[in-house]
Amino acid sequence: GTVIGARLGQVLFYEFDYYKDHLLEMLFPFRISNGKFEWTGYQGLASHGGAVGILLAVWLYARKYKFSVLWVLDRLVIVVALGGFFIRLGNFFNSEILGLPSTLPWAVVFAKVDLVPRHPAQLYEALAYLSIFIGLWFFYKRGGHQQKGRLFGLFLVLVFSARFLIEFVKTDQKEFESSLVLNMGQLLSIPFVIAGLYFLLRGKKNEESGRLSRIDE
C-alpha cells in the first residue's frame, strides 16, 4: 500500500503531464525507447500518495481479518511517524527535497547539487516526525488509545501541520508549483489536517457523551 500509493501519488499529483503518455512507466521501473530497454528505477515517490495507500491497505486488512480500522490505525500511526523520520533522513543523505537558500549558521551545502548554503529542510521534517513518534508513543502508554481514532487524528494533525509549515522553507519540486499560492505539498496536507481534526473532535464528543451517560446512571 505504501509503495504503490506513493508511486501513484507522484505520478498523479506531480508528473501527470509526462506519465499520461507513458502509462507503463507509472508502475514499472523501466522504459522501452526506440526498441531499447532502459532501467529507470522509481524516480519519485510522494508521501501523500503513500498515506492514501496505507489507509486503503489497512481498510482491506481490517475488513478481511475483522478488525476495527481505527483500532489498527491508532497503533500503526505510531511507527509510521518513526518511518517518516528515517525517510527524511535518507532524503538528507541523498541530497533530495532541498531547502531554500539560507544564511543561518546551520545551513547546509549539498555539494552534489550546488554550492549554495540551504535550509536542511529534510532534517527539520525528520526531527518533527521523531518528536511526533515519541509523543504518540507516550500518549499510547498513558491510555490514549482507549478512545478509538484519537491517536490517528492526532497523528494526522501533527504530521501534516508540520509538513505544511516546513514546505515554506523548501524549494518547489516541480516548476508548475511556482505559480501556486501554496505548493502541492501544502495543498495535499490540508485535507489530512481537516480529517485529523474530525477524528479528534469525534473522539471528544464520544467521550463527553459517555461521561454524561455515567452521570445519569
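E125 forms a salt bridge with R163, the closest N and O atoms being 3.9 Å apart, where a salt bridge is a side-chain nitrogen of Lys or Arg within 4 Å of a carboxyl oxygen of Asp or Glu. This pair links distant parts of the chain, since E125 lies in helix α5 and R163 in helix α6 (residues 150-166), 38 residues apart; helices here are DSSP runs of H or I with at least four residues, numbered from the N terminus. The model is a predicted one, in which local features need pLDDT of at least 70 and side-chain atom pairs count only at pLDDT 80 or more, while totals for chains, interfaces and linings use all residues. Residues are numbered from 1 along each chain as its sequence is written, and side-chain values use heavy atoms, with hydrogens and water left out.

E125 also pairs with R88, and because E125 sits in helix α5 (residues 121-144) and R88 in helix α4 (residues 69-93), this bridge ties together parts that are 37 residues apart in sequence. E125 is buried, with a relative accessible area of 0%, and R88 counts as buried at 8%, buried meaning under 20% relative accessible area with a 1.4 Å probe and protein chains only. R163 is buried as well, as are both E167 and K170. The whole structure holds 6 salt bridges, among them the three tabulated here.

| Salt bridge | Closest N and O atoms |
|---|---|
| E125 with R88 | 3.1 Å |
| E125 with R163 | 3.9 Å |
| E167 with K170 | 2.9 Å |

R88, E125, R163, E167 and K170 are linked in a network of salt bridges. R88 also appears in the lining of the largest pocket, where 42 residues take part and L45, A46, S47, I87 and R88 lie nearest the centre. A pocket is an open set of points on a 1 Å grid over the protein atoms alone, where a 1.4 Å probe fits, with protein on both sides within 12 Å along at least five of seven lines, and lining residues have an atom within 4 Å of a point. Helix α4 gives the largest share of this lining, 11 residues.

The largest nonpolar core has 24 residues, of which L136, F152, F155 and F160 touch the most other members; such a core is a set of buried Ala, Val, Leu, Ile, Met, Phe, Trp, Tyr and Cys residues joined through side-chain atoms within 4.5 Å. Helix α4 gives the most to this core, with 7 residues.

Note on methods: Helix = DSSP H or I, 4+ residues; strand = E, 2+ residues; numbered from the N terminus. Buried < 20%, exposed > 50% of the residue type's maximum accessible area, 1.4 Å probe, protein only.
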